Amino acid sequence: MKLSFLNNPIETIFIEATKYCNLKCKICHLAGLQKKGLLPGISSFSKKEGHLSYRLFEKIINDLLKFENYKNIRINLSGGEPFLNPQIFKILRHSQEYGLKIIIFTNGTCLKNEKDFQKIIKASPYMLIFPIDGSSSAHDTIRGNGNFKRVVNTILHLGKMKKNFKSENLKITVNVVINKLNVESFDKAIPLAQKLGCDMLFFTLVQWSDSLIIDTFIKESRERFGAYKGRARIIEGIDHKLGILNSREIEKVITKINLIKRRVQQDFGFPIFFVPDLMHSNEIKAWFSRGCYKIDYCSNAFSQIRMDYNGNVYPGCVISSALGNINKEPLEKILNGEKAKKFFNEIKTRGFFYICQRCCRRSPQSLILKNL
Ligand SMILES: C[S@@+](CC[C@H](N)C(=O)[O-])C[C@H]1O[C@@H](n2cnc3c(N)ncnc32)[C@H](O)[C@@H]1O
Ligand code: SF4
Ligand code: SF4
């Protein structure tokens, strides 16, 4: 039997490894929520609270092991910064025991010493994804001074360790988030990733929201789900100033994207793709301009799910409040319960949401991500 969300086999589970982060990146909802007082800062959490516990992770895995497709389900550990979780290496070792496909999004600033690197190599997750914004100055403007050097050194060192320990199956990937602060240099991430020996690179268009998008979403959520709460609130954290480009900047982004796409047909030495991969310049223009409209395609509303560090389970996107909690019910029961059915029927009968316009899963090309 496969783990399914109302008959759709689950392909990816995003798990919040921690709510903490050591950085305050200008593009990130986490930093934005803190600034607006909607999320307590790092100093407000006790050492234990706010992290995914090893015990809960073990419970999630025990639930998964009952299903024949558990080895095909990608487990994306994100957050927050996963390497701030004091039990992260214990969690990784446990995943390795069962041959799980673990992908970790990390800012590359928290692996402090040789021992940490050795632990990663030993635990051998499937993939580590690091952010690189293009030039060092763009990166540091977005993520804080010194963080470009830190992430580059981390990737370099990991690359060396991979060779020394013959751990070639650990994949190193770069994620470049295209936004107002790196229009001039986002494409510079390609030669850098080549130099660093990375295995893959993907460009993400910055997800952003302004008051129109937030208000429309709140209204839709209340109308369709009777509630606007929980994960949905992350959309309030993203600063629209980093998503709205002027016409010169939009032209520049479109030209660069087209150029990269033409070159992708030749060879960069590693796969490069865009999420979402918008096919028409007008769509890219709309992404980076004010306004919102409905889309009619989503590659993952029913094949991905998310869990927060407390065990609350959500569909794979910002829409809807929690479907249930894994501490109270088994995962398969949550994914086939009344709340799951309501979510499914809402989408099936009344279509997607305005917010979906700026979601990275809105194009069929996002499917490429599924083939990792
Ligand atoms: C939210 S972070 C969490 C994991 C880790 N702290 C990190 O920075 O990789 C996961 C990824 O989302 C990207 N990201 C942050 N804000 C974004 C936004 N507004 N739109 C698209 N991607 C964003 C980050 O650059 C990072 O690659
Ligand atoms: S992008 Fe990652 S590192 Fe930056 S603030 Fe968000 S969670 Fe932290
Ligand atoms: S496109 Fe919409 S429904 Fe699909 S994952 Fe994104 S926000 Fe959710």
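**Close-up views of a predicted model**

**Figure 1. Strands β6 and β7 in the predicted model, shown at one of their bridges.** Isoleucine 129 has threonine 173 as its bridge partner in β7. β6 and β7 run parallel and are joined by 5 bridges. Strand β6 covers residues 127-131, and 4 of these 5 residues are buried, so the strand is largely enclosed by the rest of the structure.

**Figure 2. The β5-α4-β6 unit, which is right-handed.** Strand β5 (residues 101-105) runs parallel to β6, and 3 bridges join the two. One of the residue pairs is isoleucine 103 with methionine 127, its bridge partner in β6. Helix α4, residues 114-123, belongs to the unit together with the two strands.

**Figure 3. Strands β7 and β8, a parallel pair.** β7 spans residues 171-178 and β8 spans residues 200-205. The two strands are joined by 6 bridges. Valine 177 stands opposite threonine 204 of β8. In a regular strand, side chains alternate between the two faces of the sheet.

**Figure 4. The open sheet of 10 strands and its edges.** The strand order is β9-β8-β7-β6-β5-β4-β3-β10-β11-β12, with mixed pairing. The edges are β9 (272-275) and β12 (324-325). Each of these edge strands has a single partner, so one side of each is left without a neighbour in the sheet.

**Figure 5. The surroundings of phenylalanine 14 in strand β3.** Strand β3 comprises residues 12-16. Phenylalanine 14 has 21 other C-beta atoms within 10 Å and is buried, because the cut-off for a buried residue is 20 or more. Leaving aside residues up to four places away in sequence, phenylalanine 14 touches Asn76, Ser78, Gln304, Arg306 and Gly316. Serine 78 is 64 residues from phenylalanine 14 in sequence, yet their C-alpha atoms are 7.0 Å apart in space.

**Figure 6. The residues around ligand 1.** The shell holds 16 residues, of which Cys28, Phe105, Asn107, Pro131 and Gln207 come nearest. By class, 8 residues of this shell are nonpolar, 7 are polar and 1 is charged. Two of the nearest residues lie in strands shown above: Phe105 is in the range of β5, residues 101-105, and Pro131 is in the range of β6, residues 127-131.

**Figure 7. The residues around ligand 2.** Ligand 2 is surrounded by Cys21, Leu23, Lys24, Cys25, Cys28, Leu30, Ala31, Gly79, Gly80, Glu81, Asn107 and Arg143. The shell has 6 nonpolar, 3 polar and 3 charged residues. Cys28 and Asn107 are in this shell and are also among the residues that come nearest to ligand 1.

**Figure 8. The residues around ligand 3.** Of the 14 residues in this shell, Cys298, Ala301, Cys317, Cys356 and Cys359 come nearest. The shell is made up of 10 nonpolar, 2 polar and 2 charged residues.

**Figure 9. The protein as context for the close-ups, with 13 helices and 12 strands.** The radius of gyration is 20 Å, close to the 21 Å given by the globule rule for 372 residues, so the protein is as compact as a globular protein of that length. The C-alpha trace spans about 50 × 50 × 40 Å along its principal axes. Of the 372 residues, 41% count as buried. Among contacts with a separation of 6 or more, 79% are between residues 24 or more positions apart.

Methods
Residues are numbered from 1 along each chain as its sequence is written. Chains are lettered from A and ligands numbered from 1 in the order in which they are written. This is a predicted model: local features need pLDDT of at least 70, side-chain atom pairs count only at pLDDT 80 or more; totals for chains, interfaces and linings use all residues. Two strands pair if DSSP finds at least two bridges between them. Helices (H or I, at least four residues) and strands (E, at least two) are DSSP runs, numbered from the N terminus. A residue is near a molecule or strand if its C-beta atom, placed from the backbone, lies within 6 Å of it. Ala, Val, Leu, Ile, Met, Phe, Trp, Tyr, Cys and Pro count as nonpolar, Asp, Glu, Lys and Arg as charged, and the others, Gly among them, as polar. The radius of gyration is taken over C-alpha atoms; the globule rule is 2.2 Å times the number of residues to the power 0.38. A residue is buried if 20 or more other C-beta atoms lie within 10 Å of its own, exposed if 12 or fewer, and partly exposed in between; C-beta atoms are placed from the backbone. Two residues are in contact if their C-beta atoms, placed from the backbone, lie within 7 Å. A crossover is right-handed if, with the strands pointing away from the viewer, the path from the first strand over the helix to the second runs clockwise.
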